[in-house]
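Student: I am new to this structure and should be grateful for a close look at a single part of it. Please choose a helix, describe its surroundings, and then show how charged side chains are paired elsewhere.

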Amino acid sequence: MRRVLILLCLAAAPLRAQDVPASDEPCLAAAQADRPGRSQLVRCDRAIRQPDLPAPQRLAMLMNRGIALLRAGKLDKAESDFDLAIRSAPGLAEAWINKGVVLARQPGREAEAVALISHGIEIGPKEPARAFFARAQALEVAGRLKEAMDDYAAAARADPSWPAPAEELKRFRVERRKVLRG
């Protein structure tokens, strides 16, 4: 049985470009919605196609649209947006992590998801607790429970005030067994 992933896009929070212009608001609003509607996505698409948009703002909008598409269940389109973000800014940890989150929701792509999230963690995300949490979820879906537990613990250490990792850790139980040799 596959465990439902808690959606974490950062791997958690929509990107806010410095001095976000009004034109980015549709993408930011769509990314912040629990389940963005078609009209929100259309407004975001229109905003992102503006020809005179500075590169940093376009990147923030692209990331936010990817998050919105993920939340809307449009995994292929979300993956494409994160691919574009990775090509535009290969040093943006959150783009790698978010693509990993998308892949973790697709059966059979868990190992690839873990690798992408791990790469994002190596780059250095702004919110390491959420990155460790995202990787823990991907590891858990992949059946790598010990590693998942370790990452939930790392997320709890990285942000002790965030209750989600501690809640997830409550589900784990460590058993010690005697090994008999004969």
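Tutor: The following account begins with helix α2 and then turns to its surroundings and to the charged pairs.

The model is predicted, and a word on confidence is therefore in order before any detail is read. The mean pLDDT of the chain is 87, with 85% of its residues reaching 70 or more. Among the elements of the chain, helix α6 (residues 110-123) has the highest mean pLDDT, 98, and α1 the lowest, 91. Over residues 1-13 the pLDDT is below 50, although this stretch has 51 contacts in the model beyond near neighbours in sequence. Where pLDDT is low, the predicted coordinates should not be read in detail.

Helix α2 comprises residues 38-48, and its buried residues are L41, C44, A47 and I48. Seen down the axis of α2, these buried residues fall within an arc of 120°, so they line one face of the helix. The spacing of such positions follows a general rule: an α-helix has 3.6 residues a turn, so residues three or four places apart point the same way. On the face of α2 turned away from the buried side are the exposed residues R38 and R46. The buried residues pack against two other helices, α1 (25-32) and α3 (55-71).

One buried residue of α2 also takes part in a covalent link. C44 is joined to C27 by a disulfide, with an S to S distance of 2.1 Å. C27 lies in helix α1 and C44 in helix α2, so the pair ties together parts that are 17 residues apart in sequence. The structure holds one disulfide. The torsion about its S-S bond is about 100°, so the disulfide is right-handed. C27 has a relative accessibility of 0% and therefore counts as buried. C44 is likewise buried, with a relative accessible area of 0%.

The helices α1 and α2 having been introduced, α3 deserves attention. R71 lies in this helix. Is R71 buried or exposed? Its relative accessible area is 16%, so R71 is buried. The side chain of R71 reaches the backbone oxygen of A31 at 2.9 Å. R71 and A31 are 40 residues apart along the chain, yet their C-alpha atoms are separated by 7.7 Å.

A further charged residue, D81, has its place in helix α4 (residues 75-88). With a relative accessibility of 4%, D81 counts as buried, because buried means under 20%. Leaving aside residues up to four places away in sequence, D81 touches L62, R65, G66 and L69. Two of these contacts can be described further. The side chains of D81 and R65 are joined by a polar contact of 2.7 Å. The side chain of D81 also reaches the backbone nitrogen of G66, at 3.5 Å. D81 and R65 belong, together with D45, to a network of salt bridges.

This network leads to the charged pairs of the structure as a whole. Side chains of opposite charge can pair when their charged atoms come close. A search of the whole structure finds twelve salt bridges; three further examples are described here.

The side chains of K146 and D150 meet in a salt bridge of 2.8 Å, N to O. Both residues lie in helix α8 (residues 145-158), four residues apart, which is about one turn of the helix. K146 counts as exposed, at 53% relative accessibility, whereas D150 is partly exposed, with a relative accessible area of 35%.

R109 forms a salt bridge with E112, and the closest N and O atoms are 3.3 Å apart. R109 counts as partly exposed at 23% relative accessibility, and E112 counts as partly exposed at 36%.

E127 pairs with R130 in a salt bridge whose closest N and O atoms are 3.3 Å apart. E127 is partly exposed, with a relative accessible area of 30%, while R130 counts as buried at 19% relative accessibility.

To return to the starting point: α2 carries its buried residues on one face, and these pack against α1 and α3. The disulfide between C27 and C44 ties α1 to α2.

Methods
Residues are numbered from 1 along each chain as its sequence is written. This is a predicted model: local features need pLDDT of at least 70, side-chain atom pairs count only at pLDDT 80 or more; totals for chains, interfaces and linings use all residues. Side-chain values use heavy atoms; hydrogens and water are left out. Buried means under 20% relative accessible area, exposed over 50%, partly exposed in between (1.4 Å probe, protein chains only). A polar contact is a pair of N or O atoms within 3.5 Å; within protein, one must be able to donate a hydrogen and the other to accept it, and residues adjacent in sequence count only if both atoms are side-chain atoms. Contact means heavy atoms within 4.5 Å. The arc is that of the directions from the helix axis to the C-beta atoms. A salt bridge is a side-chain nitrogen of Lys or Arg within 4 Å of a carboxyl oxygen of Asp or Glu. pLDDT is the predictor's confidence in each residue, from 0 to 100. A disulfide is a pair of cysteine sulfur atoms within 2.5 Å.
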